[in-house]
Amino acid sequence: MPPFTVLHVCMGNICRSPMAERLLSLAVRERLARRSAGAAVDAGAADHLVHSHSAGTGAWHAGEEMNPPAARQVRSRGGDADDFGARKLRSEHIDAADLVLTATADQQEYVVALRPDAAARTFVLGEFARLLAGLDTSTLPPATDHPDPDTLYARGVALVAAVEKTRRGSSSTTSPLPTDDLDDPWGRGDQCFSRVADEIEEAVRPLAAVLLP
């Protein structure tokens, strides 16, 4: 059921997955703004179409704000880092997600071990972006001039199924590649956080563009 829900997962939910959560939300707002001749788009309206949220495999940082260097990266790119609280991944988070994007292959395995029935909609972020790049999106349900939750939801669900079909159909893409993983920037400098945020943007912007062409 709408909205199309994307769950981002990393280890502590204070660096990589919060950046992915907020940068996908930003990318969705930017796509909607393009459709509105540059007019500002309310975050609530965007969330009504694509709900982007996150959690961590561990509870060490539960309740904490986004790590400051991660928050700086989100804000420097035009996103919102406010009102964030880290949380531990729970089964119901996975059950409610239409797409689960993890920072690493280990975290993908963790999600699937917790909820085996989510395997077909769980990907490493870099893996999903790599497979999406080679997808023929013309076969997806058409987008509408004025996006509505039901139409976007149907397009999103079909997109995930198409990417999974590509993953299963090619022997060279059945498993994540080592290069699909996002480095953990925790405890490292702004340069590392910037590189990881760049990699996240390179993955979530194409996703938003396919959902909202």
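At 0% relative accessibility, Met19 counts as buried, and this residue is a convenient place to enter the structure, which is a predicted model. Met19 belongs to helix H1. Apart from residues up to four places away in sequence, Met19 touches Ala70, Gln73, Val74, Phe193, Val196, Ala197 and Ile200. Its C-alpha atom also lies 9.2 Å from that of Gly79, although Met19 and Gly79 are 60 residues apart in sequence.

Met19 is also part of the largest nonpolar core, which has 53 residues. Met19, Leu99, Phe128, Leu159, Ile200 and Leu207 are the residues with the most contacts inside this core. Two or more residues each come from E1, H1, helix H2 (43-49), H3, strand E3 (99-102), helix H6 (125-133), helix H7 (149-169) and helix H8 (190-211). With 11 residues, H8 gives the most to this core. Another core, of nine residues, lies apart from it and includes Leu7, Val9, Ala97 and Val111.

Helix H1 itself comes next. Of its 20 residues, 17 are buried, so H1 is largely enclosed by the rest of the structure. The length of H1 can be checked against what a helix should give. At 1.5 Å a residue, the 20 residues of H1 should span 28 Å. The end C-alpha atoms of H1 are 29 Å apart, which agrees with that expectation.

Arg22 is another residue of H1, which covers residues 16-35. Is Arg22 buried or exposed? Its relative accessible area is 11%, and the cut-off for buried is under 20%, so Arg22 is buried despite its charged class. Beyond its neighbours within four places in sequence, Arg22 is in contact with Met66, Val74, Asp80, Ala81, Asp82, Asp83 and Phe84. Val74 is thus in contact with Arg22 and is also touched by Met19.

One of the contacts of Arg22, Asp83, leads out of the helix. Asp83 sits in the loop between helix H3 (68-76) and helix H4 (91-95). With a relative accessibility of 80%, Asp83 counts as exposed. Its phi is positive, at about 55°, although Asp83 is not a glycine.

A positive phi is also found at Asn13, where the value is about 60° and the residue is again not a glycine. Asn13 lies in the loop between E1 and H1. Where Asp83 is exposed, Asn13 has 0% relative accessibility and counts as buried. Another backbone feature lies at the start of the chain: the peptide bond from Pro2 to Pro3 is cis, with omega near 0°. Pro3 is in the segment before strand E1 (4-10).

The later helices can be taken next. Two packed helices are described by the angle between their axes and the distance between the axes. For H7 and H8 the angle is about 125° and the axes are 9 Å apart. An angle of over 145 degrees would count as roughly antiparallel, and 65 to 115 as roughly perpendicular; H7 and H8 are therefore oblique to each other. On the H7 side the contact is made by Leu152, Arg155, Gly156 and Leu159, and on the H8 side by Leu207, Val210 and Leu211. By class, this contact has five nonpolar, one polar and one charged residues. Leu159 and Leu207, both in this contact, are also among the residues with the most contacts inside the largest nonpolar core.

Which residues of H6 are buried? They are Leu125, Glu127, Phe128, Ala129, Leu131 and Leu132. The elements that cover the buried residues of H6 include E3, helix H5 (105-114), strand E4 (122-124), H7 and H8. Phe128, one of these buried residues, is among those with the most contacts inside the largest nonpolar core.

The last stop is Pro213, in the segment after H8. At 47% relative accessibility, Pro213 counts as partly exposed. Leaving out residues up to four places away in sequence, Pro213 touches Arg31, Arg35, Ala143 and Arg155. Arg155 takes part in the contact of H7 with H8 as well. Pro213 and Arg35 are 178 residues apart in sequence, yet their C-alpha atoms are 9.0 Å apart in space.

Definitions and conventions:
Residues are numbered from 1 along each chain as its sequence is written. This is a predicted model: local features need pLDDT of at least 70, side-chain atom pairs count only at pLDDT 80 or more; totals for chains, interfaces and linings use all residues. Side-chain values use heavy atoms; hydrogens and water are left out. Helices (H or I, at least four residues) and strands (E, at least two) are DSSP runs, numbered from the N terminus. Buried means under 20% relative accessible area, exposed over 50%, partly exposed in between (1.4 Å probe, protein chains only). Contact means heavy atoms within 4.5 Å. The expected span of a helix is 1.5 Å times one less than its number of residues. A nonpolar core is a set of buried Ala, Val, Leu, Ile, Met, Phe, Trp, Tyr and Cys residues joined through side-chain atoms within 4.5 Å. Axes are lines fitted to C-alpha atoms, for helices over the stretch in contact, and angles run from 0 to 180 degrees between N-to-C directions. Angles under 35 degrees count as roughly parallel, over 145 as roughly antiparallel, 65 to 115 as roughly perpendicular and the rest as oblique.
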